[in-house]
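Please walk me through this structure in running prose. I would like to know how its parts pack together and where its charged and nonpolar residues sit.

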Amino acid sequence: MHWENFSVGLTILAIGLFKKVVLADGIAPFSGPVFHAAATGGALNLFEAWGGALAYTFQLYFDFSGYSDMAIGLSRLFGVKLPLNFNSPYKAVNIIDFWRRWHMTLSRFLRDYLYFPLGGNRKGPFRRYLNLLTTMLLGGLWHGAGWTFVLWGGLHGFYLVINHAWHGLRVRMGYPIGPPTRLGRIAGMTLTFLVVVVAWVFFRAPSLQAALNILSAMFDLNGVVLPGSWYGLLHWRLVQALAKLGIHFGRPLPLFEDVGHVWRWIAALWVLAWFAPNTQQIMAAFKPALEEIKEPAGYFSWRPNRVFAWLVGCLFVVALFSMNRVSEFLYFQF
């Protein structure tokens with residue numbers, strides 16, 4: 001066994017295992033109760049609905065990313081390089097970019113064996129948009145036979161149509177398609193992330209009605225009750241403005257007894273997803289996958305020394321001690 005393959009593979013495996021059993025499984029308990037309440041007719045408010053939707057968004061992200069890393073790490077232990085399957089999709093600046101980063105092997109399969117055979121973009125704009133919608137609807141059915149998956153695929157097809165139409169309009173107006181400015185990048189990432197979160201609600205919900213219950217609560221300010229402990233932290237004018245919107249202070253949220261803990265989890269995982277280098281960037285100098293890694297992690301790049309050995313060892317130990325709890329298996333849906 002080549003020692004470089006062993007050390008690189010074990011490092012990627014440890015990072016993937018940590019993502020799965022510590023990060024994904026750590027936030028998982030905050031998504032299940034919300035979707036269960038929505039399915040059983042329970043009343044949800046804005047904070048509960050957004051908390052559950054965002055918790056699932058990051059649970060799915062780190063679960064899928066972790067399994068992808070573990071597959072690449074295990075294969076590298078035996079000297080085999082696999083293609084990338086996950087490239088920080090929540091950093092995508094638009095939905096086209098998202099599907100170049102999320103489940104990359106499936107995206108290529110849908111493109112090569114559905115979109116291109118249907119005609120791709122060779123038969124005019126209308127057929128192109130119809131082909132995109134058809135491909136994504138079939139991609140939704142591939143994940144599961146249910147209306148929620150059909151709507152999830154249809155939403156992403158609609159997003160792609162809008163994105164391609166917008167690019168076409170910009171070109172006709174004389175604006176070239178190029179790298180966005182810093183402000184444009186932030187705006188694009190935010191909008192893309194929000195529409196992806198909305199689509200994930202359909203993907204996760206056990207029924208169409210449950211998904212609609214959550215979405216209606218996500219955009220309804222009436223009846224929102226914030227924890228009473230927040231009252232003294234806000235300016236009185238802001239408290240009055242919130243009251244006019246129907247937002248009050250009182251009992252803790254019933255599904256999240258410690259609402260601060262939920263949002264600390266969400267904030268921490270959001271920072272990791274948006275700002276931290278991904279696994280292949282950290283390991284870029286050692287070519288972890290078949291593709292070339294164009295943006296290495298710089299200062300955070302992995303090196304075979306004592307410091308990184310201790311860091312990886314700590315990740316591995318924490319992950320092993322976190323494996324004693326029952327966790328939801330999501331990867332079968334992909």
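Which helices each supply at least two residues of the nonpolar patch? The model is a predicted one, and in it helix 6 (125–143) and helix 7 (147–172) each do so. The patch lies on the surface, has an area of about 330 Å², and is made by Leu 133, Leu 137, Phe 158 and Ile 162. Leu 133 is found in helix 6. Its relative accessible area is 31%, so Leu 133 counts as partly exposed; patch residues need over 30%.

The interior can be taken next. The largest nonpolar core has 72 residues, and those that touch the most other members are Phe 58, Tyr 90, Phe 98, Trp 102, Trp 200, Ile 214 and Met 218. Helix 3 gives the largest share of this core, 14 residues. Another core, of 16 residues, lies apart from it and includes Val 8, Ala 14, Ala 289 and Ala 297.

Two of the residues just named, Ile 214 and Met 218, are also among the buried residues of helix 9 (residues 208–218), together with Ala 210, Ala 211, Leu 215 and Ala 217. These buried residues cover an arc of only 165° around the axis, and therefore lie on the same side of helix 9. The spacing follows a general rule: an α-helix has 3.6 residues a turn, so residues three or four places apart point the same way. What do the buried residues of helix 9 pack against? Their partners are helix 2 (32–39), helix 3 (46–77) and helix 8 (182–204). Met 218 shows this in detail: leaving aside residues up to four places away in sequence, Met 218 touches Leu 46, Ala 49, Trp 50, Ala 53, Val 197 and Val 201.

Charged pairs come next. With nitrogen and carboxyl oxygen required to be within 4 Å, the count comes to seven salt bridges. One of them joins Asp 63 to Lys 20, with the closest N and O atoms 2.7 Å apart. Asp 63 lies in helix 3 and Lys 20 in helix 1 (residues 3–27), so this salt bridge ties together parts that are 43 residues apart in sequence. Are the two partners buried or exposed? Asp 63 is buried, because its relative accessible area is 2%, and Lys 20 is buried as well, at 3%. Both residues also belong to a network of salt bridges that links Lys 20, Asp 25 and Asp 63.

A further salt bridge is formed by Arg 108 and Glu 291, whose closest N and O atoms are 4.0 Å apart. This pair links distant parts of the chain, 183 residues apart: Arg 108 is in helix 5 (residues 104–115), while Glu 291 is in the loop between helix 12 (279–282) and helix 13 (306–321). Arg 108 is partly exposed, with a relative accessible area of 28%, and Glu 291 is partly exposed at 26%.

Asp 112 and Arg 111 form a salt bridge too, and their closest N and O atoms are 2.9 Å apart. Asp 112 counts as partly exposed because its relative accessibility is 32%, and Arg 111 counts as partly exposed at 35%.

How values were computed. Residues are numbered from 1 along each chain as its sequence is written. This is a predicted model: local features need pLDDT of at least 70, side-chain atom pairs count only at pLDDT 80 or more; totals for chains, interfaces and linings use all residues. Side-chain values use heavy atoms; hydrogens and water are left out. Patches are made of residues with over 30% relative accessible area and no salt bridge: like charges are joined within 9 Å, nonpolar side chains (Val, Leu, Ile, Met, Phe, Trp, Tyr) within 5 Å. Accessible areas come from the Shrake-Rupley method with a 1.4 Å probe; for residues, only the protein chains shown count as cover. A salt bridge is a side-chain nitrogen of Lys or Arg within 4 Å of a carboxyl oxygen of Asp or Glu. Helices (H or I, at least four residues) and strands (E, at least two) are DSSP runs, numbered from the N terminus. Buried means under 20% relative accessible area, exposed over 50%, partly exposed in between (1.4 Å probe, protein chains only). The arc is that of the directions from the helix axis to the C-beta atoms. Contact means heavy atoms within 4.5 Å. A nonpolar core is a set of buried Ala, Val, Leu, Ile, Met, Phe, Trp, Tyr and Cys residues joined through side-chain atoms within 4.5 Å.
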